[in-house]
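Okay, everyone, thanks for coming. I'll put the structure up and then talk you through one helix and a couple of loop residues.

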Amino acid sequence: MTQDPAVPVFGMEQIRRARYAVAAVFAVHGAVTGSFATRVPWIQDHASVSAGQLGLALAFPAIGASLAMPLAGSVSHRLGARTALRGLLALWTLALILPALAPNLLTLCLALFVYGATAGMSDVAMNALGVEVENRLDRSIMSGLHGMWSVGALVGSAAGTVAAHIGADARLHHTLAALVLTALGLVACQGVLDLRSLPDEEAPPRFTLPPKSALVIGAVGFCAVFAEGASMDWSAVYLRDIMGSSAGLAAASTTAFALTMAVARIAGDKVVDRFGSVRTVRVGGFLATAGGLLVVLAPGPALALCGFGLMGLGVAVVVPLAFAAAGRTGSNPSRAIAGVATITYTSGLIAPSAIGSLAEATSLLASFGLVTVLAFGLVLGAGVLRAGDRKVAESGAPRTAPDRTPAEG
């Protein structure tokens, strides 16, 4: 089959280097999140906001991300993939400085809006490049890339925990962290694929609704992220209030969930390559559903703890595979990825509050019954990820985006 001249051509060694470069970008992105999360109590005290006001402010990162993510495709079209990622990632790492500087609720909301907007745009850009590398390697890497994000978040949170323990001013901590992570991000971006739009290619619209394919794929991601957000934020409360467990065991439920997710993501690429996206997500859905049933029906905290671990294992690779599938549908991968990212961000935003509202109206047990139902949605909806198969049926050649060209020089 003749190579389409519009399809980028890179040497295999260059593609392998690009894989490690994108993995480093994912780790840097995660480290920003981990650095911020550990200093939220300091930021709350500095801004003099109540718990309710803090909850309001913490909604603004998701709002900013959801509004800004559709812009990522336009930025990449104008600047090229590498330059766009370099700039957007630098804006995200430097935005880490802003929340700690906020003296009141209004400025904190504005700072977190910018923080979320830059997070979302850089998230779309790095996932789009991750999909491009995966296409050219013709094997799954997206799960491992998201695993690297988790590793970065753990490193960032560990450094933040040390800073909080010694009583460091978060303004100083976040400024130093932002400068270090910006430098690391700029170095990492040097190795990513330098893709450019064709000279006669029409620029994507700045704001547009996601394509239908992204909405369908995003629905699967919604189920996974809802289960993830609910488990991360409410598992400890569930074990304490419903199971009557000790504070230590309750806290261990969050750790079990996060640990199984990180391990599954790092190991997930080999599973996907062996069994395919659809089978992997379907089995993951069964595991997550079994975990949810174990949580709801467990007679004691030990089994409920195992249930949360199973849910983490079951949903771990769904979002990376949703991004990968979105990046291989339609003629504008960035637009599709932005659509899926918007849906998953929205799910992460509403899940904790939805669980709390349902628990107040009924019970926390009923709330996790809903989580179990959504987990079973992964089993029913896994087939939509078939669009993400990396091989074209007729030729067996890796499918690549035809609207991109490598930079010259």
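**One helix and two loops**

Let's begin with the outward side: on α10, L172 and V187 are exposed, and they sit on the other side from the helix's buried residues. Just keep in mind that this is a predicted model.

So what is α10? It's the helix spanning residues 170-189, 20 residues in total. From first C-alpha to last it reaches 27 Å, close to the 28 Å expected at 1.5 Å a residue.

Now, which residues of α10 are buried? They are A170, H173, H174, A177, A178, L181, T182, G185, A188 and C189. Look down the axis of α10 and these buried residues fall within an arc of 155°, so they line one face of the helix.

And what do they pack against? Quite a list: α1 (12-38), α2 (40-47), α6 (81-95), α7 (97-101) and α9 (142-165).

Have a look at the N-terminal end of α10 too, where D169 acts as the cap. One of its side-chain oxygens lies 2.7 Å from the backbone nitrogen of R171.

Okay, over to the loops. S48 lies in the loop between α2 and α3 (51-57). It isn't a glycine, yet S48 has a positive phi, about 55°. Is S48 buried or exposed? Its relative accessibility is 63%, and the cut-off for exposed is over 50%, so S48 counts as exposed.

The other one is D138, in the loop between α8 (105-137) and α9. D138 is also not a glycine and has a positive phi of about 60°. With a relative accessible area of 22%, D138 is partly exposed.

Methods
Residues numbered from 1 in each chain as written. Predicted model: local features only at pLDDT ≥ 70, side-chain atom pairs only at ≥ 80, totals over all residues. Heavy atoms only, no water. Helix = DSSP H or I, 4+ residues; strand = E, 2+ residues; numbered from the N terminus. Expected span 1.5 Å × (residues − 1). Buried < 20%, exposed > 50% of the residue type's maximum accessible area, 1.4 Å probe, protein only. Arc of directions from axis to C-beta. Contact = heavy atoms within 4.5 Å. Polar contact = N/O pair within 3.5 Å; in protein donor to acceptor, adjacent residues only side chain to side chain.
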